[in-house]
Amino acid sequence: MTPTFDRKDGKLVLAHVLFAFAALLAGGVAGLLQGLVRGGMVTLPANIGYYELLTAHGVLMALIFTTYFIIGFLYSGVSHTLGGKLLPTARKLGWTGYAVMSAGTVLGVVMILLGKASVLYTFYAPMKASPWFYVALALVVVGSWLSGFGIFHQYVRWRKLHRGQVSPLFAFMAVVILLLWQIATLGVAAEVVVQLIPWSFGWVDSVNVVLSRTLFWYFGHPLVYFWLLPAYICWYVVIPKIIGGKIFSDALARLAFILFLLFSIPVGFHHQLMEPGIGGFWKFLQVVLTFMVIVPSLMTAFSMFATFEMNGRAKGAKGLFGWLRVLPWKDVRFFAPFMGMLVFIPAGAGGIINASNQMNAVVHNTLWVTGHFHLTVATSVALTFFGIVYWLIPAVTGRVLTPRLNRLGIVQTLVWCVGMLFMSGPMHLVGLMGSPRRTAYTTYGDHPDAILWMPYHVAMAIGGTILFAGVLLIVGNVIALLRAPKGETSFPIGEVAETAEPTPRYLERWSVWIGIAVALILFAYTVPLIDMFQSTVTSPGWVTW
């Protein structure tokens, strides 16, 4: 019999997961309306603005859903692998972080719905929201820091009690993710607290726009890996257990995560290639560092397919693709994350295009970028998170996944994939034709180019409608999981293959890796930031809605 998950820890995990899916549902409603408006299918009442919906959709789904789910997921794995239960201090920090984040989320959503913060989830200056919206964002960040401190506390205590031992892989990966998050959010915290809050309260008259956007994108690109790396935990650690195989290499997995920590932060300028005020050399440098991030992604792809290959050979599979036949295709815990893996292949290719100076000039600020975003986060990451739910909720609540819920999960996964095909595909295509992102329905005075774009926008609206059905299905499945028959569900943690090389101790020398990460950040940002601080080009606030 597998021991039941600690009940107190389970409540903390479940609180985060349920809040995440409440945000997903609310953000899904906003996204559905937004897509229908953009496709010219509906007209909003005069008291609801398109950009309010766009901001609510981005904040709730890209920031709130992901952050809550990730923290809940990481706490579950840390509790399970580092002693079987959280230390009182770690659990207290988790609940405190949850409370602070929730207060910030509620305040932020209220400001958006009141029409005082239609600045999109990137909250770019010089568009100016209510100061309370920026206060809300600060609370979300601070709450996430407190939760991260709880996991660090649990990890440090485990290391002290197990000197000379390599920490569990899940816990190691959780620490890397939260280190990345803590370092990256320093930028957006500085932007919000030092620049945007005083400016929006009227304590200062203007804001340094280039500095503001640079601080945002210092955070904005590592944010992508904050979303993606928990999915990688599932792929590396959980999927091998679910398919009945072994982890290909513990050392390779840890090295890949260390490389993400080093190279995912000092790359924000590749989001600012079209902006003035930043020297060409520094943009070039950060593009080079961006391409370095491709290396651990390829390492991950190699590791995953090696795991599948070893599993297939152990079960008697023959031929080049024989391993495909022995994978558990009818198990949603595998099927949903695997579909996320497949989608990440074109999603990653799109990211290479976005990061390339010349090709980025073609797609910059077009719907191509939005399509890429929806393939990476809204498909690869979201499908993996959905797959996790089908074992995580049963594991922490003492219930079991029924065959009926498993089938409903397969259906939901397929619905999501079809919806994203209809939405993200046209986004990529019409983006290549020049259709801009972040704009409401318009035919630009019946310009021929804009008229040509409209069928694609209609297809996107159809895809968005299908995706909303997928949102309703996953929310319904989550509710059903809470009512599933009682029983014991194991927390799936894979074992490392016997043939794998031992894990080098230097991979857990945190002072070395954090030191290198800081050095890379200082090298990439110090001179450009000095130039920005010296700039006298500032802007007052603008409210365009």
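**Briefing: R438, the α3–α4 loop and the nonpolar core**

At 28% relative accessibility, R438 counts as partly exposed. This arginine belongs to a predicted model. The points below cover its backbone, a second residue with positive phi, a cis peptide bond and the largest nonpolar core.

Loop between α13 and α14
- R438 sits in the loop that links α13 (403–432) to α14 (448–482).
- Its phi is positive, about 60 degrees, although R438 is not a glycine.
- The value of 28% lies between the 20% limit for buried and the 50% limit for exposed, so R438 is classed as partly exposed.

Loop between α3 and α4
- F123 is located in the loop between α3 and α4.
- Although F123 is not a glycine, its phi is positive at about 35 degrees.
- F123 has a relative accessible area of 4%; because buried means under 20%, F123 counts as buried.
- P126 also lies in the loop between α3 (88–113) and α4 (131–161).
- The peptide bond joining A125 and P126 is cis, with omega about 10 degrees.

Largest nonpolar core
- The largest nonpolar core has 184 residues, and the members that touch the most others are F21, L74, F123, F133, Y134, F257 and F308.
- Helix α6 (residues 209–242) makes the biggest contribution to this core, giving 23 residues.
- Apart from neighbours within four places in sequence, F308 contacts I239, I243, W323, L327, F334, F338 and M341.
- F123, from the loop between α3 and α4, is thus one of the core members with the most contacts to other members.

Notes. Residues numbered from 1 in each chain as written. Predicted model: local features only at pLDDT ≥ 70, side-chain atom pairs only at ≥ 80, totals over all residues. Heavy atoms only, no water. Core = buried A, V, L, I, M, F, W, Y, C linked by side-chain atoms within 4.5 Å. Buried < 20%, exposed > 50% of the residue type's maximum accessible area, 1.4 Å probe, protein only. Helix = DSSP H or I, 4+ residues; strand = E, 2+ residues; numbered from the N terminus. Contact = heavy atoms within 4.5 Å.
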